[in-house]
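Me: I've got the sequence and the fold in front of me and would like to talk it through. Can we take it one question at a time?

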Amino acid sequence: MLDFRLNVFYTVAKRLSFTKAAAELYVTQPAITKHIQELEHQFGTALFDRRGNQISLTAAGNLLLSHAETIMATYRQLEFDMNALKGKPAGTLRVGASTTVAQYVIPPVLARFHEQSADVAISLLSGNTEQVEQRLLNNDIDLGLVEGRTHHSDIRYTSFVKDELVLICRADHPLADRDEITLEELRDVPIVLRERGSGSLEVIEHALRGVGLRLTDLTVEMQLGSTESIKSYLGSSRCMAFVSVFAVQHELQAGTLKILDVQNLSIQRDLYSIQLQGVSEGLADTFMRFARQHYKRG
């Protein structure tokens with residue numbers, strides 16, 4: 001139903017590559033070129049500047065992309081509304097999730113949601129919180145699930161589940177037989193943290209400020225780009241790390257990692273769903289209602 005030429009333009013404009021657009025749409029590159037030329041003839045202006053193998057949008061191309069994004073969102077809403085009339089959710093939902101959410105929080109929800117709504121095609125992209133927000137602002141995703149909030153004026157943040165960041169160490173760590181350590185002891189323990197841009201790191205910084213500490217007061221041995229890499233690192237070191245309690249359920253049950261409380265320090269946070277301000281995506285809202293119910297039951 002959606003004009004295929006517009007879809008071709010949208011894909012080329014988002015990827016800035018005729019080759020990538022052809023692969024994504026399962027058509028030949030000459031076919032992509034032909035559709036773009038037809039659109040440029042229709043509007044009487046160039047939509048792309050071509051310099052060797054590089055392309056960029058012209059002013060007209062940027063204008064068309066803005067309208068195309070609105071049309072694509074309207075079409076997704078139309079598809080959802082028509083299927084909702086039949087009492088059977090269907091359509092396509094593009095989700096972006098920050099690393100911890102993508103790895104540990106949302107997969108069980110996706111599995112249960114698919115059992116109930118098999119006709120909904122969901123794609124999931126992961127990255128840190130900043131990357132997910134940028135993908136939402138670029139209209140690359142319909143819904144984001146993140147660990148922090150930057151209060152971006154174009155984004156609507158809605159809490160959907162509570163999380164706690166806990167201090168973990170190997171079960172054979174010299175301090176593992178303790179239930180609690182002091183803030184002074186925390187200063188001296190080698191710590192592994194997530195990278196800059198991570199929602200987890202921002203939450204840790206905020207909580208430490210509340211007890212009069214800064215990240216620079218800690219003995220930071222390394223910063224790594226994922227919770228999985230942090231857990232793997234701990235397996236071969238005497239470090240500790242703050243991670244989401246969602247991320248260590250299996251290790252706690254297996255007895256390979258242990259949680260240590262830190263005196264007077266509690267790191268709690270909300271995990272957020274994010275959508276663009278003023279945009280109501282029916283399928284995204286349906287999915288988030290399901291996700292909240294999933295964790296409320298849990």
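**Bridges, loops and cores**

Me: Is E184 buried or exposed?

Reply: Let's set the cut-offs: buried is under 20% relative accessible area, exposed is over 50%, and partly exposed is in between (1.4 Å probe, protein chains only). E184 comes out at 51% relative accessibility, so this residue counts as exposed.

Me: What kind of model are we looking at?

Reply: Residues are numbered from 1 along each chain as its sequence is written, and side-chain values use heavy atoms, with hydrogens and water left out. Local features need pLDDT of at least 70, side-chain atom pairs count only at pLDDT 80 or more, and totals for chains, interfaces and linings use all residues, those being the rules for a predicted model.

Me: Which residue forms a salt bridge with E184?

Reply: A salt bridge here is a side-chain nitrogen of Lys or Arg within 4 Å of a carboxyl oxygen of Asp or Glu. E184 sits in helix α8 (residues 183-188), and its partner lies in that helix too, three residues apart, or about one turn. The partner is partly exposed at 27% relative accessible area. The closest N and O atoms are 3.3 Å apart, and the partner is R187.

Me: How far apart are the closest N and O atoms in the salt bridge of R178 with E185?

Reply: R178 is partly exposed, with a relative accessible area of 29%, and E185 is partly exposed at 27%. The closest N and O atoms of this pair are 2.8 Å apart.

Me: Which strand holds R50, the residue that forms a salt bridge with E40?

Reply: The closest N and O atoms of E40 and R50 are 3.5 Å apart. E40 is buried at 13% relative accessible area, whereas R50 is partly exposed at 43%. Helices (H or I, at least four residues) and strands (E, at least two) are DSSP runs, numbered from the N terminus. The pair links distant parts of the chain, 10 residues apart, with E40 in helix α3 (residues 29-43) and R50 in strand β1 (residues 48-51).

Me: How many salt bridges does a search of the whole structure find?

Reply: Some of them join up, with K14, E69 and D140 linked in a network. For the whole structure, the number of salt bridges found is 19.

Me: What is phi of N264?

Reply: N264 is in the loop between β11 (257-262) and β12 (267-276), and counts as exposed at 65% relative accessibility. L16 offers another positive phi in a residue other than glycine, near 50°; L16 is in the loop between α1 (4-15) and α2 (18-25) and is partly exposed at 40%. N264 isn't glycine either, and its phi is positive, near 70°.

Me: How far apart are the centres of domain 1 and domain 2?

Reply: The domain bounds come from an automatic or database domain assignment. That assignment gives domain 1 (4-67), domain 2 (83-161 + 270-296) and domain 3 (162-269). Taken over C-alpha atoms, the centres of domain 1 and domain 2 are separated by 28 Å.

Me: How far does helix α9 reach from its first C-alpha to its last?

Reply: The expected span of a helix is 1.5 Å times one less than its number of residues. Helix α9 (residues 199-210) has 12 residues, and 16 Å is expected. After α9 comes G212, with a positive phi near 80°. The span in the model is close to the expected one, at 17 Å.

Me: Which helix gives the largest share of the largest nonpolar core?

Reply: A nonpolar core is a set of buried Ala, Val, Leu, Ile, Met, Phe, Trp, Tyr and Cys residues joined through side-chain atoms within 4.5 Å. The largest one has 24 residues, with I204 and L208 among those with the most contacts inside it. Elements giving two or more residues include β6 (155-170), α8 and β8 (190-194). The largest share, five residues, comes from α9.

Me: Which phenylalanine does I204 touch?

Reply: I204 is one of the buried residues of α9. Contact means heavy atoms within 4.5 Å. Leaving out residues up to four places away in sequence, I204 touches L165, L193, L215 and I267, and the phenylalanine in the list is F242.
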